[in-house]
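Good morning, and thank you for joining this meeting. Please take a moment to look at the structure on the screen before I begin.

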Amino acid sequence: MNDRADVVVIGGGIVGAACAYYLSAAGVAVRVLERDFPASGTSRACDGLILLSDKSSAAELAVARASADLWGKLASALGMDFEYARRGTLVLAETDAGLTAARATAATMQAAGVRAEVVDNAGLRALEPALAPDLVGGVLYGDEAQVDARLATVALLAAAKRQGAQLQSNAEVTAIRRGADGRVAGVVTHTGEIAAGAVVCAAGVWSNQVAGLVGLELPVRPRKGHILVTSRVPGLIGHPLLEGSYAASVHTAAEGVQVALVAEMTAGGTLLLGSSREFAGFDRSVSLPIMQAIAVRAVRFLPGLARASIMRSYAGLRPWSPDHLPLVGPVDGVSGFYLATGHEGAGIGLAPITGRIIADWIVSGRAPALAHRLRPGRFGVQTATG
Ligand SMILES: Cc1cc2nc3c(=O)[nH]c(=O)nc-3n(C[C@H](O)[C@H](O)[C@H](O)COP(=O)(O)OP(=O)(O)OC[C@H]3O[C@@H](n4cnc5c(N)ncnc54)[C@H](O)[C@@H]3O)c2cc1C
């Protein structure tokens with residue numbers, strides 16, 4: 001192998017971009033290999049919310065808060081506008097029972113130090129006059145933010161390149177080389193081989209195929225989601241909106257279609273309306289009945305949308321993991337091989353902390369404090385061949 005990097009990152013989505021950013025910031029010579037082009041996978045077919053309120057365990061919340069803090073820093077550090085806005089999000093309650101449940105979640109979040117303000121019908125109307133008048137109330141999570149996920153990926157990669165990282169598009173990794181001791185020695189693409197002391201698999205829902213190159217089987221499955229993009233409705237809402245059942249749809253492992261409203265205003269004045277969840281293999285085609293179901297929920301909460309048009313729609317594949325935490329870190333038995341995958345519907349929010357953990361782990365050789373609950377070994381991900 002005549003081409004060399006300290007670390008090869010496989011995948012130019014937001015997670016691979018964040019790994020490249022923090023590795024290059026630490027002085028590591030990193031090469032990102034992307035099969036298509038940056039953000040060509042799920043990181044261009046999603047929303048861009050940085051959420052805390054949908055996290056159901058202390059471990060998930062701790063990781064999400066650390067990552068949200070990093071996003072705040074990156075907004076000024078990356079030197080490129082990626083539409084970071086920290087306006088808070090509103091979780092909506094349709095019924096008294098819904099508001100009681102939302103209040104209980106808010107109390108749990110407050111106890112953990114997250115800002116959560118419960119509002120009644122009048123408070124909700126004051127915050128968002130376009131909402132349906134019959135909604136009972138909601139919770140404003142003031143620390144939550146949003147980004148444009150594609151721009152954020154590009155901004156991370158551009159900053160990584162300024163720090164010395166190299167990015168290769170149209171470079172699909174087809175094999176991983178290992179030395180006589182079993183340690184990772186490099187990767188093979190159709191344009192040649194690159195020697196490397198470590199390889200990070202950040203291939204999103206395709207991570208299983210990449211991990212298969214070193215004999216691993218991951219519990220990561222594609223969980224499809226749809227988004228509708230409306231005609232321009234600037235100013236219709238001031239905060240991203242989530243219906244109360246959103247968190248439950250995130251956490252259920254049900255195979256069938258789940259639809260819960262998520263509405264997010266873009267800087268261009270269009271509204272992103274989501275979202276659905278279903279296990280449908282690797283199919284990324286758009287389904288009309290699911291689009292209709294999302295539109296029905298959207299008009300129920302924002303009646304004025306009945307006069308808007310849908311300009312386009314898309315479907316993406318969330319890299320689902322069974323315990324709703326990503327798989328981040330080295331793998332027992334394949335020295336030098338790291339996973340950074342399995343973020344399901346939180347990969348935008350969790351990308352910075354993932355990149356930070358991977359960089360700290362590779363540079364120091366030790367597990368960073370927040371990393372223990374994310375270790376791939378908790379699913380028995382290991383191979384005896386190392
Ligand atoms: C509808 C929807 C809404 C969402 N909303 C949010 C949200 O509001 N907030 C949030 O935090 N998250 C959200 N998500 C989740 C988020 O989009 C994902 O978790 C995140 O994009 C995953 O990023 P990634 O880099 O791991 O994967 P990807 O973006 O898919 O990147 C993986 C890359 O690896 C490349 N690749 C694969 N195999 C190879 C190979 N062999 N060689 C080289 N390259 C390879 C692919 O081409 C791809 O570009 C949403 C997802 C969906 C579908």
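In helix H5, the buried residues are Ala 149, Arg 150, Ala 152, Thr 153, Val 154, Ala 155, Leu 156, Leu 157, Ala 159 and Ala 160. I should say at once that this is a predicted model. Since 10 of the 14 residues of H5 are buried, this helix is largely enclosed by the rest of the structure. What do these buried residues of H5 pack against? Their partners are H1, strand E2 (30–33), strand E8 (166–168) and H9. The length of H5, which covers residues 149–162, is as one would expect: its end C-alpha atoms are 20 Å apart, and 14 residues at 1.5 Å a residue should span 20 Å. After H5 comes Gly 164, with a positive phi near 110 degrees.

Let me set helix H2 beside this. H2 runs over residues 58–77, 20 residues in total, and reaches 28 Å from its first C-alpha to its last, close to the 28 Å expected at 1.5 Å a residue. Its buried residues are Glu 60, Val 63, Ala 64, Ser 67, Ala 68, Leu 70, Trp 71 and Leu 74. A general point is useful here: an α-helix has 3.6 residues a turn, so residues three or four places apart point the same way. The buried residues of H2 pack against strand E3 (49–50), strand E7 (145–146) and H9. H2, too, is followed by a glycine with positive phi, namely Gly 79, near 70 degrees.

In the loop between E3 and H2 we find Ser 57. Is Ser 57 buried or partly exposed? It counts as partly exposed, because it has 13 C-beta neighbours inside 10 Å. Ser 57 and His 324 are 267 residues apart in sequence, while their C-alpha atoms are 9.5 Å apart in space.

I turn now to the domains. The chain is divided into domain 1, made of 3–51, 149–219 and 323–379, and domain 2, made of 88–143 and 221–320. Taken over C-alpha atoms, their centres are separated by 30 Å. In the contact between them, 17 residues of domain 1 meet 19 residues of domain 2. On the side of domain 1 that touches domain 2, five residues are nonpolar, 10 are polar and two are charged.

Next, the interior. The largest nonpolar core has 129 residues, and those with the most contacts inside it are Val 7, Ile 10, Cys 19, Ala 20, Val 199, Val 200 and Cys 201. Helix H1, residues 14–25, gives the most to this core, with nine residues. Both domain 1 and domain 2 give residues to the core, so it lies between them. For a closer view, consider Ala 20: leaving aside residues up to four places away in sequence, Ala 20 touches Val 9, Val 30, Val 32, Leu 157, Ala 160 and Ala 165. Leu 157 and Ala 160 are among the buried residues of H5 with which I began.

Finally, the ligand. How many residues surround the ligand? There are 41, and the closest are Gly 13, Gly 41, Gly 204, Gly 225 and Gly 347. By class, this shell has 16 nonpolar, 19 polar and six charged residues. At least two residues of the shell come from each of H1, strand E12 (221–230), strand E15 (271–277), strand E16 (310–320) and helix H9 (347–364). Domain 1 and domain 2 both give residues to the shell around the ligand, so it lies between them.

Key. Residues numbered from 1 in each chain as written. Predicted model: local features only at pLDDT ≥ 70, side-chain atom pairs only at ≥ 80, totals over all residues. Core = buried A, V, L, I, M, F, W, Y, C linked by C-beta atoms within 7 Å. Buried ≥ 20, exposed ≤ 12 C-beta atoms within 10 Å, placed from the backbone. Helix = DSSP H or I, 4+ residues; strand = E, 2+ residues; numbered from the N terminus. Domains from an automatic or database assignment. Contact = placed C-beta atoms within 7 Å. Near = placed C-beta within 6 Å. Nonpolar A, V, L, I, M, F, W, Y, C, P; charged D, E, K, R; others polar. Expected span 1.5 Å × (residues − 1).
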